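Reader: I want to learn how to read one strand and its neighbours. Please show me the model.

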Amino acid sequence: MDASQFVVQVFNGLVIGSTYVLVALGVTLIYGILRIINFAHGEIFMLGAYLAYFLVVRGHLNYWVTAGLVMMGCAILAVVLERVAFRRVRGFELGPLITSIGASIFLQNLALILFGGDPRSLPTPYLERIVHLGPFVFSIQRALIIPSALVLILGLYLLIERTTMGRMIRAVSQDWEVASLMGVNPIAAVVVTFVIAGALVAVPSVLVAPLFYVFPLMGVTTTLKAYTIVVMGGFGNTTGTIMAGLILGVAESMVAGLGASLWVDAVSFLVLIAFLLVRPYGLIGERREENA
Amino acid sequence: MIRWSRSNGALFTVLALAWMAAHGSPAGAAGAGAPAEVKIGLPIPLSGSGASIGQRFQKAATLALEDLNKMAAGKMVFVPVSADSQCEPKGAATAGRKLILQDQVNVMVGELCSSATLAIKDLAGQNKVPLVVPDSSALNITEQGNPYTFRIIPHEVQQHTALARVAINYYHLKTFVVAYEQTDAGVGAGKSFINEAKRLGGEILDEIALHRDSPDFTPVVTKIKGANPAALHLTMLLDPSVRFLKALHEQGVAKPVFSSIWYAYPLFEQLTGPASEGHIRQLFYISSSKDPVAAEFTQRFKAKFAGEEPDFNHAQFYAAVRLVGEAALKYGPSREDIRRGVAATKDYQSAIGPLTFDAKGQVRLTPQSIIFIQTKGGKAVILDDEPGFDKKKILGF
């Protein structure tokens, strides 16, 4: 691999990593507040892509209007999921985990029945606009992923750190009972978190689907990587998740670029195991001592 | 203690009647004068990455069974029994075991993925249940010789040897990158192409094994771009291939791509868009074919499914189900009768060409079995119809 190929592979990795980050942020936010891993998060990603497909292809809507509507649709879906699959089982040790797996399988099969197994292509005006920039060749569609991720990450940071709503979420995340004693409505915090997670995952749905295609299992692989990133970054730690996502994306791109494409997943999970051995509390997380 | 009340008794009776209605009489225990029931087991992928093709198989089976039941005219009743074999060995073995031991099927038609078919094949042989394979290409499905396994399409060596001959003898291309998914069928296809291309004087610049679940092939494509081949040979399932070709197009790699039978027309073109331009592949059926048997199938399929255009998956599965059904009608409904009937098949006229099996249960390859197409302007151009495309001379058989 020469120097220019190396730089191109880093760019490719940042694009893949940004997609992972956008999916993983929702997973880590929900874990941060509810201490559950939402295995159905990938299915919101998938249903968002189907919604985008129907709005663009059948509804003939503008791509950006579609993106806004898909964000709203995914946010609503995430809230419904919280209400149906998580609220009643909160507090049971394995209950939410099992219901999230059940919801994931249910939604995959529902999509298979409703939309059929045939993949569908989501058209956009940006896929055929190819930019040649030195050694870099990419479509505008692909190039949109990195700035979109940056804008959303910044927006999320401001929302969590600088707003009353964000303080409410952080308070519930730190201690549910104390936060409620201080007048915070924890249920409202949970609902807002699911709204944010749903809206966030809608963005890769709309951006990535045109590069590939839309099909019922499209959420499975992406979310598997998202869980890896969440563990590497530290459960509930958004900064760690962002860093881990980009590191994993670049590592995968390098491995594939060296011709060892089959080793991509093995390397991802080797990195994960290494993190679990060396920094089990995450990339920039802090060691948590259990109370006696 | 449970007390037996009148309402319990009524409930038991209703449940018993419902169970009997649902299950009917056991296979092969039809009463005197009742038509013999022939259960056709369909181990097909109904979930996972092959689900879309599994759904196609179901449609084709519906049409084939409708035709068979008409042909049987009340003497036999053909009943489909589906099981989700998931396009992978473990799921396929479970589905096969269920169909053979629990459902007691007379014959099986399936699977799609070679690894899954290999898992069912031995099970079928051990239990003496004929298995007709409509769509798996790995050589060892028939190469080992199993009297109960029959394949109706050319195997991977036949397919990819033919493709290499077209690439070199017709297009005069010399340097290739060969990329394939790391599965029985993928590896077999890639190696077959490489062997024949080398034999004909071609050069393989790179050989890349791929993971079909990879979310993005751009890094691999960047590597291929660096190798600068004259053409590519690609073997992967439809879904990942679409991602791969879109990445090639986006990276500006406008080289001819040769693939085998795995991409339906026109779905592949619709999904891949401009990235499919110039793509060359072989099929065993295309809906625009002028062959009378193929044309009749196309017309009947469209009439049955509201104008839907059939593709090779439909045609191959339809041909396989019709073949086993007609063998049952001619030779008898038992497993051994059907096996004998299928083995004796000679020049059976199907939508995918004439079918005759060799001693290993492999369909005999003829130039008529293979159609070569190239995508131009989003449409399939049949190379066989092009002036200068002398198929017999190019293929050498």
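Reader: Is strand 6 of chain B mostly covered or mostly exposed?

Author: First, the ground rules. This is a predicted model, where local features need pLDDT of at least 70, side-chain atom pairs count only at pLDDT 80 or more, and totals for chains, interfaces and linings use all residues. Residues are numbered from 1 along each chain as its sequence is written, while chains are lettered from A and ligands numbered from 1 in the order in which they are written.

Author: Strands are DSSP runs of E, at least two residues; helices are runs of H or I, at least four; both are numbered from the N terminus. A residue is buried if 20 or more other C-beta atoms, placed from the backbone, lie within 10 Å of its own. Strand 6 of chain B spans residues 175-181 and is mostly covered, with 6 of its 7 residues buried.

Reader: Which strands pair with strand 6 of chain B?

Author: Pairing takes at least two DSSP bridges between two strands. Strand 7 (residues 203-210) of chain B pairs with strand 6 in the parallel sense, over 7 bridges. There, V177(B) stands opposite D206(B).

Author: Between these two strands the chain passes through helix 7 (residues 184-199) of chain B, a right-handed β-α-β crossover. Right-handed means that, with the strands pointing away from the viewer, the path from the first strand over the helix to the second runs clockwise.

Author: Strand 8 (residues 231-235) of chain B also pairs with strand 6 in the parallel sense, over 5 bridges. A179(B) has L234(B) as its bridge partner in strand 8.

Reader: What is the mean pLDDT of chain B?

Author: pLDDT is the predictor's confidence in each residue, from 0 to 100. The chain B mean is 88, and 91% of its residues reach 70 or more.

Technical notes: Buried ≥ 20, exposed ≤ 12 C-beta atoms within 10 Å, placed from the backbone.
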